[in-house]
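Here are some brief notes to read alongside the model. They go from the overall fold to the packing inside.

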Amino acid sequence: MVLALALPLLAAVPAQAQPHLAAPAYSVPATATVTEGQIREVARGGVLTYPSVTSCLTVTVRLRGGGLVGAHASLFQVPGELRSDEILPALRKAVAGRPVAAVEVRGAVGAWHPGYFTRAIEAYGDGEAIPQPQGRDFDGLAKAVALGLKQPRVSVTVEDVPDGDQVVR
């Protein structure tokens with residue numbers, strides 16, 4: 001009797017309100033393009049493409065299960081996308097506590113101050129001094145990324161790469 005009363009009510013509730021009955025929220029693609037201020041994920045064996053990396057840094061998390069989660073951090077915010085101080089918390093959330101094998105940071109290392117990951121250039125007001133990079137700070141960037149992703153420093157590598165598209169397999 002209770003089931004007979006509950007079925008019409010259950011049918012009236014949209015599928016998204018029934019998480020135990022709904023299909024998965026998304027499927028992970030095999031390939032993805034990650035533009036400035038974005039985060040994307042690909043399945044095991046997949047490929048991430050970061051187009052036009054000039055003054056940017058890319059952060060690719062290699063999951064122990066074989067997938068990749070990548071972020072394209074921009075020095076200046078692209079309208080509607082993440083700022084540099086939002087990218088690591090959003091990437092950490094996208095990884096969602098899954099085991100991490102490695103973290104690879106690539107791009108214009110000499111254009112970046114590690115502090116841009118905690119306070120974006122846009123966050124500074126008139127008259128405030130914006131920290132300037134003092135050469136290529138590989139260790140400082142690795143420490144900032146490790147801290148932002150709550151990963152051990154030893155799991156983060158940093159590589160200065162020339163301008164252009166980056167493809168990570």
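1. Order of elements. From the N terminus, the predicted model runs α-β-β-β-β-β-α-β-α-β-β. That makes three helices and eight strands.

2. Contacts along the chain. Take the contacts with a separation of 6 or more: 64% of them join residues 24 or more positions apart.

3. Burial and surface. The protein has 169 residues, and 38% of them are buried. Its accessible surface comes to about 9,400 Å². Carbon and sulfur atoms hold 59% of that surface.

4. Main core. The largest nonpolar core has 29 residues. Val59, Val61, Phe117 and Val145 have the most contacts inside this core. Six elements are worth tracing here, each giving two or more residues: strand 4 (57–63), strand 5 (68–73), helix 2 (84–95), strand 6 (100–107), helix 3 (138–149) and strand 7 (156–160). Helix 3 gives the most, with six residues. In general, nonpolar side chains tend to be buried together in soluble globular proteins.

5. Val61 in detail. Which residues does Val61 contact, leaving aside its neighbours within four places in sequence? The list holds Gly67, Leu68 and Val69, then Leu91 and Val95. Val100, Ala102 and Val103 also touch Val61, as does Leu149.

6. Second core. A separate core of nine residues should be viewed on its own. Val34, Val53, Cys56 and Val168 are among its members.

How values were computed: Residues are numbered from 1 along each chain as its sequence is written. This is a predicted model: local features need pLDDT of at least 70, side-chain atom pairs count only at pLDDT 80 or more; totals for chains, interfaces and linings use all residues. Side-chain values use heavy atoms; hydrogens and water are left out. Helices (H or I, at least four residues) and strands (E, at least two) are DSSP runs, numbered from the N terminus. Buried means under 20% relative accessible area, exposed over 50%, partly exposed in between (1.4 Å probe, protein chains only). Contact means heavy atoms within 4.5 Å. Accessible areas come from the Shrake-Rupley method with a 1.4 Å probe; for residues, only the protein chains shown count as cover. A nonpolar core is a set of buried Ala, Val, Leu, Ile, Met, Phe, Trp, Tyr and Cys residues joined through side-chain atoms within 4.5 Å.
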